[in-house]
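Colleague: Hey, I'm new to this one. Could you pull it up and walk me through it?

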Amino acid sequence: MGLEIVEEELSAALPLPLMSLNHVSFVCRSVGRSVKFYEEVLGFVSIKRPASFNFHGAWLFNYGVGIHLLQCNSPDDVPKKKGVINPKDNHISFQCSDINLLKHKLEEMGIEYVTAVVEDSGIQVDQLFFHDPDGYMVEICNCENLPVLPLSSCPLKFPYPKDPILSSLYGKGLPKFQCRPCGAEAECVIMENLVTDMMDISF
């Protein structure tokens, strides 16, 4: 009985073995049309799809994430495309180093978009929203400008880990954070300050 309780407590304390976002999936009216959109507008590349699938679809990949497209059985299976672009709708978002370049590309391709700006503590984030052929929302942003500030003491797992740079700060019982190679400086400083504060509290 005691051993079972200890095992349950240990399991609860361990972080989930999740690694990263693998893919998003969309039901489409026309897989071919959507493939053309994600390839030409967003630079995705079509990749091999398992031959065991008995329904029409396509897989694309780039930027560390996949997009899986599934052919609908009926047009009613796909939500009706909205005439107005609403930034509050469900969407997928991609970070971008040059939003003006994307704006110019969308204008050349005749794709309607709307823009928005988010400001917090002197930091500005530019956002660009548009629809894919089925009305699914896509956002382009420079959200990496915003620091990642955890609201709890739960450890964050950043993608593309490198060697930990904060290991000298941690005690035996504290988790080791790893930072992204791109735009990680702010996150590392934030996590360093957070861990330092936690250590001060614990003593």
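Colleague: What pLDDT does the protein average?
Modeller: This is a predicted model, and the protein averages a pLDDT of 80. Of the residues, 68% score at least 70.

Colleague: And where does pLDDT stay under 50?
Modeller: Over residues 163-183. The model has 37 contacts beyond four places in sequence for that stretch. Where pLDDT is low, though, the predicted coordinates should not be read in detail.

Colleague: Fair enough. How many helices and strands are there?
Modeller: The protein has four helices and eight strands. Starting at the N terminus, the order is α-β-α-β-β-β-β-α-β-β-β-α.

Colleague: Let's look at strand β1. Which of its side chains are buried?
Modeller: β1 covers residues 23-28, and Val24, Phe26 and Cys28 point to one face and are buried. His23, Ser25 and Val27 point to the other face and are not buried. In a regular strand the side chains alternate between the two faces of the sheet.

Colleague: Which strand do the six bridges join β1 to, and do the two run parallel or antiparallel?
Modeller: They join β1 to β4, residues 65-71, and the two strands run parallel. As for Cys28, its bridge partner in β4 is Gln71.

Colleague: Switching topic: how many aromatic pairs does a search of the whole structure find?
Modeller: Ten. One of them is Phe37 with Tyr38, an edge-to-face pair with 5.0 Å centre to centre and 85° between the planes.

Colleague: Are Phe37 and Tyr38 buried or exposed?
Modeller: Both are buried.

Colleague: What about Phe53 and Phe55, why is that pair tilted?
Modeller: Their ring planes are at 40°, so the pair counts as tilted, since that label covers what is neither under 30 degrees nor over 60. The ring centres are 5.1 Å apart.

Colleague: And how does Phe53 count for exposure?
Modeller: Phe53 counts as partly exposed because its relative accessibility is 32%. Phe55 is also partly exposed, at 37%.

Colleague: Which residues form the aromatic cluster?
Modeller: Phe26, Phe37, Tyr38, Phe44, Tyr63, Phe94, Phe130 and Tyr136 form one cluster. Phe26 came up earlier, as one of the buried side chains of β1.

Colleague: Zooming out, what share of the protein is buried?
Modeller: Buried residues make up 29% of the 203 residues. The accessible surface comes to about 13,600 Å², and 58% of that belongs to carbon and sulfur atoms.

Colleague: Last one: among contacts between residues at least 6 apart in sequence, what share join residues at least 24 apart?
Modeller: That share is 54%.

Note on methods. Residues numbered from 1 in each chain as written. Heavy atoms only, no water. Phe/Tyr/Trp six-rings, centres within 6.5 Å; stacked < 30°, edge-to-face > 60°. Buried < 20%, exposed > 50% of the residue type's maximum accessible area, 1.4 Å probe, protein only. Contact = heavy atoms within 4.5 Å. Areas by Shrake-Rupley, 256 points an atom, 1.4 Å probe, with all protein chains shown as cover. Pairing = 2+ DSSP bridges. pLDDT = per-residue confidence, 0-100.
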